[in-house]
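This report looks at salt bridges and at the solvent exposure of the residues that form them. The sequence and structure are shown first.

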Amino acid sequence: MPGRVHLRPTMLSDLDFVLGVEQDGANRPFITPWERPQHEGAIRFPDARHFIVELDGQRAGFVILQGCRNPNRSVELKRIVLGPKGQGVGRASVRQLKKLAFTQLGAHRFWLDVKGLNTRAQALYLSEGFVEEGRLRESVRVDGADGYDSLIVMSMLDREYQARLALGLEPA
């Protein structure tokens, strides 16, 4: 699967696709969609990286990194939104993003937050070596409901990534 999944910089001409995949009913409960100007900013702003995820040359989703120039070397996986589910695209993307964060961006810490209801993503991040740091209890409203969901903060440190590399748990 990793050879079939590729990240490429998002172009402004990709934004209709990006907005569409964000609005997909399978993704909406797990993200807070952005407006077009926010995505345009992430494409243009030097501290962010906005990528299209391609599967076999076809757009399959997108990812956003923030803090790419953070003086504390703390890079955030701000968003990962995919169309295909259960095909390994998410895992392949996360592995490529870890490598990018630690080897190209020089991150000391690669972190994210994930909604408590998104147990599938939590299991993926845990299996990929991320460590739960804490919970922001009932910090986001649940779309179309009266309730709230928590955000779970997870991270990986550069030494943890290097240890996984040494054990062969990360692609070289």
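Arg8 has a relative accessibility of 16% and so counts as buried, the limit being under 20%. The model is a predicted one, and it holds 16 salt bridges. In one of these, Arg8 pairs with Glu54, with 2.7 Å between the closest N and O atoms. Arg8 belongs to strand β1 (residues 5-9) and Glu54 to strand β2 (residues 48-55), so this contact ties together parts that are 46 residues apart in sequence. Glu54 is also buried, at 13% relative accessibility.

A second pair sits within a helix. Glu40 and Arg44 meet through their side chains in a salt bridge, at 3.9 Å from N to O. Helix α2 (residues 36-44) contains both Glu40 and Arg44, which are four residues apart, or about one turn of the helix. Glu40 is partly exposed at 24% relative accessible area, whereas Arg44 is exposed at 56%.

A third salt bridge links Arg135 to Glu132, with the closest N and O atoms 3.1 Å apart. Arg135 is partly exposed, with a relative accessible area of 48%, and Glu132 is partly exposed as well, at 37%. Elsewhere, salt bridges with shared partners connect Arg91, Arg95, Lys98, Glu128, Arg164 and Glu170 into one network.

The three pairs described above are listed here with their N to O distances.

| Salt bridge | Closest N and O atoms |
|---|---|
| Arg8 and Glu54 | 2.7 Å |
| Glu40 and Arg44 | 3.9 Å |
| Arg135 and Glu132 | 3.1 Å |

Definitions and conventions:
Residues are numbered from 1 along each chain as its sequence is written. This is a predicted model: local features need pLDDT of at least 70, side-chain atom pairs count only at pLDDT 80 or more; totals for chains, interfaces and linings use all residues. Side-chain values use heavy atoms; hydrogens and water are left out. A salt bridge is a side-chain nitrogen of Lys or Arg within 4 Å of a carboxyl oxygen of Asp or Glu. Helices (H or I, at least four residues) and strands (E, at least two) are DSSP runs, numbered from the N terminus. Buried means under 20% relative accessible area, exposed over 50%, partly exposed in between (1.4 Å probe, protein chains only).
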